[in-house]
Amino acid sequence: MAQIEDIRKFYARLLVAHAGSPDPRLEAAFAEVPREAFLGPGPWTVIAGNGKVTTPSADPAHVYQNVLVTLDDDKGINNGEPFLHAMWIGKLAAKPGEAVTHIGAGTGYYTAVLAKLVLPGGTVTGFELDEKLADLARKNLEAYGNATVVHGDAVTTPLPPSDIIYVNAGVAAPPAGWLKALRPGGRMIFPWRPAERVPLAVMVIRTEKGFACDPFMRSWFIPCVGASLADSASRIPTREQAARSRSIWLVQDRAPDDTATAISGDVWFSSEDLHPGPRK
């Protein structure tokens with residue numbers, strides 16, 4: 001039987017190969033953080049399509065696959081798909097010394113991976129609205145001295161100045177406070193769901209010109225409490241309009257114009273590209 005360390009290393013290698021990240025530290029982080037430590041005692045319930053399967057034992061080898069593991073079945077909360085998270089975290093390209101805010105930290109597994117990636121000198125602040133999950137995340141992250149957990153509402157609570165904001169709950173639009181919390185050069189990934197038919201993952205970079213954005217793939221996450229419903233004054237985009245978005249603006253900085261692809265409260269999306277030249 002292979003040792004769990006070998007299984008974890010192979011799992012990490014698969015994740016990073018799928019993510020296409022050039023950063024060897026990403027593989028090392030996933031190889032070092034024990035996923036089973038963030039799932040509660042096994043056996044575990046694994047989501048398989050529209051069904052669920054229980055692992056045959058509490059052997060941690062069962063969770064080192066690209067599977068969703070249930071954390072709170074009643075609320076539809078799971079540990080997240082490793083391939084997707086490895087891709088997104090790799091895309092954010094965390095560097096040593098950076099400050100990360102993780103919104104929707106759950107029990108802290110991907111928070112721990114981010115904490116590894118910003119060492120030395122970096123910090124991670126995880127926000128979790130569910131009190132039970134926040135308590136578990138605090139306990140799970142005790143060994144990670146640069147990670148802290150806030151039991152609170154990231155929509156209404158001011159975020160710390162951040163080089164990276166990693167959002168794991170779907171929003172109709174990112175709250176203005178999230179954009180303002182990004183430092184120059186800061187990056188944010190959030191699941192954008194302005195309508196049921198428009199589930200997209202969006203990468204944001206704070207540039208000198210403004211907030212450049214790229215809707216780079218389809219994505220679905222559970223709704224973010226307090227930010228998942230569009231108000232009656234919103235301009236809801238079609239999937240095609242949403243996919244054309246290339247920048248995000250605060251209404252206080254610039255009123256929506258004929259480039260607007262979506263409008264939601266004090267934030268709007270534009271087709272104006274802040275990165276001149278061909279897009280990759």
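**Exercise 1.** Which residue in E6 does Ala99 stand opposite?

Solution. The model is predicted. Start with the strands: strand E5 covers residues 99-103 and strand E6 covers residues 123-128. The two pair in the parallel sense, over five bridges. Within this pairing, Ala99 stands opposite Thr123 in E6.

**Exercise 2.** Place E5 and E6 in their sheet, name the edge strands, and find the helix that packs on the sheet.

Solution. Step one is the strand order. Ten strands form an open sheet, E7-E6-E5-E8-E9-E10-E11-E12-E14-E13, with mixed pairing. Step two concerns the edges: strand E7 (147-151) and strand E13 (260-264) each pair on one side only. Step three is the twist. On average, neighbouring strands of this sheet are turned by 25° against each other, direction ignored. Step four adds the helix: H5 (residues 131-140) packs on the sheet and touches E6 and E7. The direction of H5 makes about 165° with that of E7.

**Exercise 3.** Describe how helix H3 packs against helix H4 and classify their relative direction.

Solution. Two packed helices are described by the angle between their axes and the distance between the axes. For H3 (residues 82-92) and H4 (residues 109-117), the angle is about 30° and the axes are 12 Å apart. Angles under 35 degrees count as roughly parallel. H3 and H4 are therefore roughly parallel to each other. The crossing of H3 past H4 is right-handed. Next come the residues: H3 contributes Pro82, His85 and Ile89, which meet Tyr110, Val113, Leu114 and Leu117 of H4. Sorted by class, this contact has six nonpolar residues, one polar residue and no charged residues.

**Exercise 4.** Classify the ring pair of Trp88 and Tyr166, and state which elements the pair ties together.

Solution. The structure holds eleven aromatic pairs. For Trp88 and Tyr166, the ring centres are 6.4 Å apart and the planes stand at 80°, so the pair is edge-to-face. Trp88 belongs to helix H3 and Tyr166 to strand E8 (residues 162-167), so the pair ties together parts that are 78 residues apart in sequence.

**Exercise 5.** Work out the order and edges of the four-strand sheet, then give the bridge partner of Ala48 in E2.

Solution. The order is E2-E1-E3-E4, in an open sheet with antiparallel pairing. Strand E2 (51-54) and strand E4 (77-78) stand at the edges with a single partner strand each, so one side of each is left without a neighbour in the sheet. Strand E1 (residues 45-48) runs antiparallel to E2 and is joined to E2 by four bridges. The bridge partner of Ala48 in E2 is Gly51.

Conventions:
Residues are numbered from 1 along each chain as its sequence is written. This is a predicted model: local features need pLDDT of at least 70, side-chain atom pairs count only at pLDDT 80 or more; totals for chains, interfaces and linings use all residues. Side-chain values use heavy atoms; hydrogens and water are left out. Axes are lines fitted to C-alpha atoms, for helices over the stretch in contact, and angles run from 0 to 180 degrees between N-to-C directions. Angles under 35 degrees count as roughly parallel, over 145 as roughly antiparallel, 65 to 115 as roughly perpendicular and the rest as oblique. A crossing is left-handed if the near helix is turned anticlockwise from the far one by less than a right angle, and right-handed if clockwise. Contact means heavy atoms within 4.5 Å. Ala, Val, Leu, Ile, Met, Phe, Trp, Tyr, Cys and Pro count as nonpolar, Asp, Glu, Lys and Arg as charged, and the others, Gly among them, as polar. Two strands pair if DSSP finds at least two bridges between them. Rings of Phe, Tyr and Trp (its six-membered ring) pair if their centres lie within 6.5 Å; planes under 30 degrees apart count as stacked, over 60 as edge-to-face and the rest as tilted.
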